[in-house]
Amino acid sequence: MVKARKIIFILLFSIGIFLLVFSIYSIVSNNIDYEKVRDKKIKLELLHDDMKNLSAESTVADYKTIDINNHETIHLNKDLIEKGIFYNDSYYKELDYFIDYIKTKFNIKLDSKWKFMIHLYDGESTGFVSFLYYLNDEIATNKSIMFFISENKVKRVTYSYLENKIDESLLINRVNNFKRNTIQEKKVLNENEKILEENVEFSYNFKLKKLIYSYNLSYENVDGIINDYGSVYFID
């Protein structure tokens, strides 16, 4: 009986050792796999700029302009001013003039892919109302419509790339793959420096026919001076 108990004890001890070793191996193996996945990611370097050798003329959108000189007074909701908002046709009655003009002139029915912004230079009656086309609520494009207002009257409209077609699902997938396969290099802040703002933006430039990734870091140093770091990459 004693011998049988010893055998059972040895078996249980051996099983315990095996499970412990297996657990340690699994943890180490998982960590190694994680490191491999992380190491496979492409590092996006600070201060890298794929657009640095391009002129402004080669990147800025090609606009067309139509004079309107509408005599009707436009009343804009002050709650909508200076905010980028994705359009929703269940509200924004103040935009009726622009909605009707876009539908009649350009044969475009606004939907949630369009983000609009009202900016008034004087804070009162002069500025613009812009409509910018997005992919998947994340990728801004330079397909746009912009109405210029003076003293609450619409004077002209500029627009760009309204007839251009793109494979939106393909571009969205390319951005998603880019996010999965890259990691952004971060600036190591000194003790008395603090981050003010950190942004990542994706955009599609119809003129360049390029998807663009932009990273910007704004921070303040010990002397109160604000500095910026960034990265710009084309997404192939």
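These are my notebook entries on a predicted model of one protein chain.

**Entry 1: the chain as a whole**

I began with the overall counts. The protein chain has 236 residues, and 33% of them count as buried. I found four helices and 11 strands in the chain. I then looked up the accessible surface, which comes to about 15700 Å². Carbon and sulfur atoms account for 53% of that surface. For contacts, I took the pairs of residues at least 6 apart in sequence; 59% of these contacts join residues at least 24 apart.

**Entry 2: the nonpolar core**

Next I asked which residues have the most contacts inside the largest nonpolar core. They are Phe98, Phe131, Ile145 and Phe147, in a core of 52 residues. Helix α3, residues 96-106, gives the most to this core, with six residues.

I picked Phe131 for a list of its contacts, leaving aside neighbours within four places in sequence. Phe98, Ile145 and Phe147 are among the residues it touches. The list for Phe131 also holds Ile102, Leu110, Trp114, Lys115, Phe116, Lys143 and Ser144.

**Entry 3: strand β4 and its faces**

I went through strand β4, residues 114-120, one side chain after another. In a regular strand the side chains alternate between the two faces of the sheet. Strand β4 shows such an alternation. Trp114, Phe116, Ile118 and Leu120 point to one face and are buried. Lys115, Met117 and His119 point to the other face and are not buried.

**Entry 4: what β4 pairs with**

I then looked for the partners of β4. Strand β3, residues 85-86, pairs with β4 in the antiparallel sense over two bridges. In β3, Ile85 stands opposite Phe116 of β4. Strand β5 also pairs with β4 in the antiparallel sense, here over seven bridges. Lys115 stands opposite Leu132 in β5.

Strands β4 and β5 form a hairpin with six residues between the strands. I noted Gly123 in this hairpin, as it takes a positive phi near 75°.

**Entry 5: Ser130**

I stayed with β5, which covers residues 127-135 and contains Ser130. Is Ser130 buried or exposed? Its relative accessibility is 14%, so Ser130 counts as buried, the limit for buried being under 20%. Leaving out residues up to four places away in sequence, I listed what Ser130 touches: Lys115, Phe116, Met117, Ile145 and Met146.

**Entry 6: Glu191**

For contrast I turned to Glu191, in the loop between β8 (182-184) and β9 (194-205). Glu191 has a relative accessibility of 79% and therefore counts as exposed; exposed means over 50%. I also checked its distance to Asn221, which is 30 residues away along the chain. The C-alpha atoms of Glu191 and Asn221 are separated by 9.2 Å.

**Entry 7: salt bridges**

How many salt bridges are there? The count comes to seven. I wrote up three pairs.

The pair of Glu138 and Lys179 has its closest N and O atoms 3.0 Å apart. Glu138 lies in the loop between β5 and β6 (139-150) and Lys179 in helix α4 (residues 168-181), so this salt bridge ties together parts that are 41 residues apart in sequence. Glu138 counts as partly exposed, at 29% relative accessibility. Lys179 also counts as partly exposed, at 37%.

The next pair is Lys186 with Glu198, where the closest N and O atoms are 3.2 Å apart. Lys186 is in the loop between β8 and β9, while Glu198 is in strand β9, so the parts tied together are 12 residues apart in sequence. Lys186 has a relative accessible area of 47% and is partly exposed. Glu198, with 36%, is partly exposed too.

The last pair I looked up is Lys210 with Asp236, and its closest N and O atoms are 3.9 Å apart. This pair links distant parts of the chain, with Lys210 in strand β10 (residues 210-220) and Asp236 in the segment after β11 (226-235), 26 residues apart. Lys210 is partly exposed, with a relative accessible area of 29%. Asp236, at 75% relative accessibility, counts as exposed.

Methods. Residues are numbered from 1 along each chain as its sequence is written. This is a predicted model: local features need pLDDT of at least 70, side-chain atom pairs count only at pLDDT 80 or more; totals for chains, interfaces and linings use all residues. Side-chain values use heavy atoms; hydrogens and water are left out. A nonpolar core is a set of buried Ala, Val, Leu, Ile, Met, Phe, Trp, Tyr and Cys residues joined through side-chain atoms within 4.5 Å. Buried means under 20% relative accessible area, exposed over 50%, partly exposed in between (1.4 Å probe, protein chains only). Contact means heavy atoms within 4.5 Å. Accessible areas come from the Shrake-Rupley method with a 1.4 Å probe; for residues, only the protein chains shown count as cover. Two strands pair if DSSP finds at least two bridges between them. A salt bridge is a side-chain nitrogen of Lys or Arg within 4 Å of a carboxyl oxygen of Asp or Glu.
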